[in-house]
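Me: I should like to go through the charged residues of this structure and set each label against its criterion. Please give the cut-off whenever a term is introduced.

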Amino acid sequence: GIASVTFDNYMSPYVALEERTMDEQLHAALADNTVDNRGAQPVFVSSTNLFIYMKNSITRCTALTKEKTFFLLQRSFQKKLQSYAKVLDKKLPQPQTQIAAKMASLVDSTQTTNTVYRIPPGQEVTVCYVIDTCEYCADTVEALEDLIRDKIGSKYQDKIDMTEEQDAFQDVTAKCIRVLVSGLEQRLDAPLKELSRTNWSSFDMVGEESSYVRTIQLTIHPFVTEVRQLIPSSYFRSFCDKFALAFASTYYRTLTGLKRISEAGTQQLLLDVTTIKSLLLKLPVLEAEKKPGGATRHSNVNQSKSLSGASTIAPAMYTKMVNKEFRKLEVMLKLVGSPKDMLVDMFRAQWDSSIDTSMMASDFQTIMILKGIPRNDHASMLESLGVEAVEGRVGADSSMTVNIQALQEKGSDVAAKVNADLDQMRQRVDRFRNAFR
């Protein structure tokens, strides 16, 4: 009433006290990684405590006033939610410095200029908890916004907007996916270096998959199954999409950066590519190995959200994408293993004639180098192909792109999937709203 409006101008110390209490919670949250597993997803206890405090703060404030002081209090909520998003961000591994990344790229030609994250053993679990907590916060912020708008004075209702706070948590989630992708990629450095250091020119016998392939399998499987158990299915599918694309690109650069490959070496690498492709095709539906007693490491986590409907079949769009990326590797190796006198015709049959001929020449030169064709023969073979030679080493430094006519599909399947996932995620908001009613 009139009394509450009168006191509004003198309530700034009250708002400041509420802010100090929330600041104390945020400071404690930096070091507190305690997780609450009782809900639909594991989240840091600090997040639930923060929202409980805000809910109680609203009750205290609205008992006195629903006008200016309440509006200032919700502004404080906005600031503290932005700060909590930063707290969650600080729980992630720090990126490698630019100097370290440049040194790594000098040592390993498979490195890219993208930000690199190395995840210490076991810390991928923390990254997953950050994803879960960010989703919980983004959804709960919307419920909090609705609650405030319902209770605040009518002249302030149109000023209530917490979109930026939701975006802050969604930005951290997106970063988490990049961290998981980069972290798993970095763990595959050793097997890819083994691939690079193998003398494929003297390879003379095809056997089972190479040892570097087994190392890749043993590295990917536990990492991916753990992530699958801990994060919502929509985010897990995004992780699978991004990792498969990133690894296929890195694997491709590694193969095209090799020196001469013998015919037997080509057959062995084709076997390796097939094995790795099979692994990646199963990525979205990999199951964790059960320990004695039938339990997995995170069997206490609610599986209804983390598993993609418990399906044993990967999404069709994902399968299409992986097949497309690995088709490049398979065609490149088949061209390397083709007879020299048939190379020009076979290459021309696989090439999209609409592509710039300078790229065509670069790719063809890379094939000739991998085949071990003497450089003196390059000019005549390029002439037979109808293109001119390009200067400089091709392959590792200028990523070769064998442009296959069968792979020229246009459009973005990923964008369509993301939109569907967003619609699915928005449906979860209702249960958070109910908690505040």
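Me: Why is Lys80 called buried?

Reply: This is a predicted model, in which local features need pLDDT of at least 70, side-chain atom pairs count only at pLDDT 80 or more, and totals for chains, interfaces and linings use all residues. Residues are numbered from 1 along each chain as its sequence is written, and side-chain values use heavy atoms, with hydrogens and water left out. Buried means under 20% relative accessible area, exposed over 50%, and partly exposed in between (1.4 Å probe, protein chains only). Lys80 has a relative accessible area of 9%, so the residue is called buried.

Me: What makes the contact of Asp23 and Lys80 a salt bridge?

Reply: The term requires a side-chain nitrogen of Lys or Arg within 4 Å of a carboxyl oxygen of Asp or Glu. For Asp23 and Lys80 the N to O distance is 2.7 Å, so the pair meets the criterion. Asp23 lies in helix α2 (residues 12-31) and Lys80 in helix α4 (residues 68-89), so the salt bridge ties together parts that are 57 residues apart in sequence. Helices here are DSSP runs (H or I, at least four residues), numbered from the N terminus.

Me: Why is Asp23 called partly exposed?

Reply: Its relative accessibility is 34%, which falls in between the limits for buried and exposed, so the label follows.

Me: How do you know that Arg38 is exposed, and is Asp36 buried or exposed?

Reply: Arg38 has a relative accessible area of 77% and is therefore exposed. Asp36 has 14% and is therefore buried. These two residues form a salt bridge, with the closest N and O atoms 3.0 Å apart.

Me: What does the salt bridge of Asp377 and Lys340 tie together?

Reply: The side chains meet at 2.9 Å, N to O. Asp377 lies in the loop between α15 (357-371) and α16 (378-385) and Lys340 in the loop between α13 (316-336) and α14 (343-350), so the pair ties together parts that are 37 residues apart in sequence. Asp377 counts as partly exposed at 25% relative accessibility, and Lys340 likewise at 41%.

Me: How many salt bridges does a search of the whole structure find?

Reply: The search finds 14. Glu145, Asp146 and Arg149 are linked in a network of salt bridges.

How values were computed. Helix = DSSP H or I, 4+ residues; strand = E, 2+ residues; numbered from the N terminus.
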